[in-house]
Amino acid sequence: MKHFIKILSLALCAACLLSVTALAAEAAPTADKTEILLPQALAAVKVWGKASKQEDGSLLVTSGDPDSANPEVVVHVSEETYCVDAATGAPLDMEKVKDGDTLYVWAGPAMTMSLPPQTTAAVIVGNVPADGKIPQYAEVTAPAVRSEDEKERVLTIAGGELTVLEDAGVAPFRTRNLVTLDDLVPGAQILAWTNAAGKADRVLVFPCAYRGYLTANQDGAVLLNGEDVKVKGQIFPVKGEENLEQMYLPLRAVAEAAGYEVNWVSGKGAVVSEAGTELFSVQSDSDTAQTPDGERGLLGGCVVDKGTTYLPAADLAQLLQVYYYAA
């Protein structure tokens, strides 16, 4: 699974980490609506400065920001790290990076508590021209909104907003796939170069780590990739600790809309698979899902009500490899 999914997992944990009480099979919609627990995508941490190569293959980045809380950060580079040449948008050859070169690094919001702190890079940008603009990494967190004159699109991104010009140049990274502004959907990860007005006129789109994007609301609407999902059952919040509620969605309706198969297997509960290969299974009242890689903890327990299996929306989306965003 792509490194960006791991970053999303960190963001979900940072924003939603709390213990939820066991949910009964008879769980029903709660009468008083308190706060609905939704995943909040956290902006990636940006680190920049002069890099020096370490013996273990990592990079020690000495911050170029005088106000940085971490004057030095150890950056690990994995096979899933995207390394980009700022001048061309092509892959950056890390073998040619020399000690003293300036690099811009974006990583997940979590760092180790060691000194210096350590993190794994999601994106590394180098070879920034002396008079050139530094591209900014962003994760799109909601559908774009077009301006009235249709000359711009405003993207909601982790940590803020980004305005993209309709005539902006859009290119894929490391693939020959055709991409357009319509590919800037929730879950998309991009690098954006902005003009003097702070609006993006050039966008680099990374290969998508998700199969689609999902949202839902308390009125019963569920959308997958912008299309209505015919839901059998109800959508309801279930109250957990700290008087918070989580939005629960019917597993079968959403999974089948995403192209998966759902079956009930004695002793395993609801089993979701693709082309005969099991993706995960969940059982009533369990707070874990069983996957080929082992158990995965859930933000809330699995609920079975009147023969319909429900999971918290954020858990269901991650298990189905789709991006979940707040409507």
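Which side chain makes a polar contact with the side chain of Asp-182? Keep that question in mind while you select the whole protein, which is a predicted model, and colour the model by secondary structure.

**The whole chain**

With everything selected, the protein shows 3 helices and 25 strands, and of its 327 residues 45% count as buried. If you build a contact map, residues 24 or more positions apart account for 57% of the contacts with a separation of 6 or more. A surface representation corresponds to about 16100 Å² of exposed area, of which carbon and sulfur atoms supply 49%.

**Arg-153 and its acidic partners**

Select strand E9, residues 152–157, and within this strand pick Arg-153. Arg-153 is the residue asked about at the start, since its side chain makes a polar contact of 3.0 Å with the side chain of Asp-182. A polar contact of 2.7 Å also joins the side chain of Arg-153 to that of Glu-166. Arg-153 counts as buried because its relative accessible area is 9%, and buried means under 20%. To display what surrounds Arg-153, leave aside the neighbours within four places in sequence and add the residues in contact with it, among them Ala-144, Val-145, Arg-146, Leu-162 and Thr-163.

**Two nonpolar cores**

Next, select Leu-214, Leu-249, Leu-251, Val-272, Phe-280, Leu-311 and Leu-320, which have the most contacts inside the largest nonpolar core, a set of 33 residues. The elements that give two or more residues to this core include strand E13 (213–216), strand E17 (245–250), helix H2 (251–257), strand E19 (269–274) and strand E20 (277–282). Helix H3 gives the most to this core, with 5 residues.

Centre the view on Leu-311, which, apart from its neighbours within four places in sequence, is in contact with Met-247, Tyr-248, Leu-249, Leu-251, Phe-280, Val-282, Leu-298, Cys-302, Leu-316 and Leu-319. A second, separate core holds 17 residues, including Ala-138, Val-164, Leu-181 and Val-203. Of these, Val-164 and Leu-181 are also in contact with Arg-153, so selecting that arginine again is a convenient way back to the earlier stop.

**A sheet of four strands**

Now select the open sheet of 4 strands with the order E15-E14-E13-E25, in which the pairing is mixed. Strand E15 (227–228) and strand E25 (323–324) stand at the edges, and because each has a single partner strand, one side of each is left without a neighbour in the sheet. Strand E14, residues 222–224, runs antiparallel to E15 and is joined to this strand by 2 bridges. For the residue detail, show Leu-223, which stands opposite Asp-228 in E15.

**The loop at Ser-114**

Move to the loop between strand E6 (102–107) and strand E7 (118–126), where Ser-114 is found. Is Ser-114 buried or partly exposed? Its relative accessibility is 28%, so Ser-114 counts as partly exposed. Show the side chains here, and a polar contact of 2.8 Å will be seen to join Ser-114 and Thr-112, while the backbone oxygen of Pro-116 lies 2.9 Å from a polar atom of the Ser-114 side chain. A C-alpha to C-alpha distance drawn from Ser-114 to Val-74 reads 9.7 Å, although the two are 40 residues apart in sequence.

**Cysteines**

Finally, select Cys-83, which is buried with a relative accessible area of 9%, and then Cys-302, which is buried with a value of 0%. The structure holds 0 disulfides.

Notes: Residues numbered from 1 in each chain as written. Predicted model: local features only at pLDDT ≥ 70, side-chain atom pairs only at ≥ 80, totals over all residues. Heavy atoms only, no water. Disulfide = S-S within 2.5 Å. Buried < 20%, exposed > 50% of the residue type's maximum accessible area, 1.4 Å probe, protein only. Contact = heavy atoms within 4.5 Å. Areas by Shrake-Rupley, 256 points an atom, 1.4 Å probe, with all protein chains shown as cover. Pairing = 2+ DSSP bridges. Polar contact = N/O pair within 3.5 Å; in protein donor to acceptor, adjacent residues only side chain to side chain. Core = buried A, V, L, I, M, F, W, Y, C linked by side-chain atoms within 4.5 Å.
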